[in-house]
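Open your viewer, switch to a cartoon view and keep the selection panel at hand. We will go from stop to stop, with something to select at each one.

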Amino acid sequence: MSDVKMKDIAAAVGVSVVSVSNALAGRKGVSDDVRLRVEKAAKELGYDPKKNDRYSQGTVIGVLAPEKYITVGQSFYWALYQRVAYEAAKSQSITMLEILTFSMEEKEELPKLLREKTIGGLIIIGWLSDSYVKKILASADVPTVLMDFQMKGIRCDSVMSSNYVGMYKMTRYLLEKGHRDIAFVGSVKANDNILDRYYGYRKALMEAGIRERKEWLLEDRDLEKGLAVVKVPENMPTAFACNSDWAAGLLFNELSKRGYRVPQDISIVGYDNYLYGNSFAERLTTYNVDMKQMAYQAVKLLKGKIRGDEKHWGTRYVDSVIVERQSVKTLV
């Protein structure tokens, strides 16, 4: 039989793929009888772990990241990828990164990593369109884990920051500091992460008995032109809850041009704890996204699937803490 896989051996012997993997690797967890039957079936079927089964290798993890999110050396997603590479290396695996260009996304072109069929598992970092993700998953033929986004209706595990809870915490923080006029900065139609953070903001306001004001829901990008922009409202709040540190940086720059001081005149909180190349990062109170834990969880999930764990775990949310600095003024 050509291109024999562990699942073929498992079907022939009547055991799980995990048992086959353990038996062929000489690991504990299987009886001598099962080990002998697995080895016999593997020999009879012509199984060659080096040529015929990428699942057994488990040493090459492909990572896909959209160009729109990743800038080498200065983006949140580049930092997240570095964490993934580090966690993979700790488990004796290597990573191969492919950046999905704007053109590839537009044409929904399959990544080279998938066409060459050299990887044993795949991690996709950062939101892509549903149709493109579905196309990638249908062609991958390897275990896949999504990072920092999820796909509804598809049995693909994902690891995400606790967006809803995190922004709820940040808005509560502002409320506890005496702020009641609080604006939200983030284009809620851009992706589900921002939408979840917006709902966390809304929950905190509702609990405090504060009515949401539509003029204080501010875009942080032009969805049609892809430009980054924050328009300061005419009727100013006392504080802004920003869906990301990147948005907080844009807002800070715009407020500074208009002569506003932070936190003396206006308070700002962010989300991510990652703002590259802006001195405001040293002063910004924000919600820390635990990239280390997210990367650990993603690699652990993927390695388990490469070894044959077929269970669908769904979405794992990684909560974290507020990093308090000097961007919020206490009003009470």
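How many bridges join strand β11 to strand β12, and do the two run parallel or antiparallel? Select residues 267–272 for β11 and 285–288 for β12: four bridges join them, and the strands run parallel. Keep in mind that this is a predicted model.

**The sheet around β12**

For one pair in this stretch, pick G270, whose bridge partner in β12 is T286. Now add β14, residues 322–323, to the selection. β12 pairs with β14 over two bridges, this time in the antiparallel sense. Label Y287 here and you will find I322 as its bridge partner in β14.

Widen the selection to the whole sheet. It is an open sheet of six strands in the order β7-β6-β10-β11-β12-β14, with mixed pairing. The edge strands are β7, at 217–218, and β14, each of which pairs on one side only. Moving inward from β7, stop at β6 and at β10, residues 239–242; these two are parallel and share four bridges. A183 stands opposite F240 of β10.

**The loop after β6**

Next, select G186, in the loop that links β6 (182–185) and α10 (192–207). Is G186 buried or exposed? Its relative accessible area is 5%, so G186 counts as buried. Show its surroundings: beyond the neighbours within four places in sequence, G186 is in contact with I194, L218, E219, D220 and N243. For a sense of scale, draw a distance from G186 to V299, C-alpha to C-alpha: the two are 30 Å apart in space and 113 residues apart in sequence.

**A serine in β5**

Jump to S161, which is in strand β5, residues 158–161. S161 counts as buried because its relative accessibility is 1%, under the 20% cut-off. Show side chains and look for Y271: a polar contact of 2.6 Å joins its side chain to that of S161. Residues more than four places away in sequence that S161 touches include D148, Y287, V289, M294, Y317 and V318.

**Two cores**

Now colour the nonpolar residues. The largest nonpolar core has 48 residues, and the members touching the most others are V84, I123, I125, M147, I182 and Y201. Centre the view on M147. Setting aside neighbours within four places in sequence, M147 is in contact with residues including L80, V84, I123, I125, V159, M294 and A298. There is also a second, separate core of 21 residues; among its members are A183, V262, A281 and L284.

**Cysteines**

Which two cysteines are worth a look? Select C156 and C242. C156 counts as buried because its relative accessibility is 8%, and C242 is buried too, with a relative accessible area of 0%. The structure holds zero disulfides.

**Zooming out**

Finally, reset the view to take in the whole chain. It has twelve helices and 14 strands, and its C-alpha atoms fill a box of roughly 75 × 40 × 35 Å along the principal axes. Of its 332 residues, 51% are buried. The chain exposes about 16,100 Å², with carbon and sulfur atoms supplying 49% of that area. If you draw the contacts between residues at least 6 apart in sequence, 67% of them join residues at least 24 apart.

Technical notes:
Residues numbered from 1 in each chain as written. Predicted model: local features only at pLDDT ≥ 70, side-chain atom pairs only at ≥ 80, totals over all residues. Heavy atoms only, no water. Buried < 20%, exposed > 50% of the residue type's maximum accessible area, 1.4 Å probe, protein only. Polar contact = N/O pair within 3.5 Å; in protein donor to acceptor, adjacent residues only side chain to side chain. Contact = heavy atoms within 4.5 Å. Disulfide = S-S within 2.5 Å. Core = buried A, V, L, I, M, F, W, Y, C linked by side-chain atoms within 4.5 Å. Areas by Shrake-Rupley, 256 points an atom, 1.4 Å probe, with all protein chains shown as cover. Pairing = 2+ DSSP bridges.
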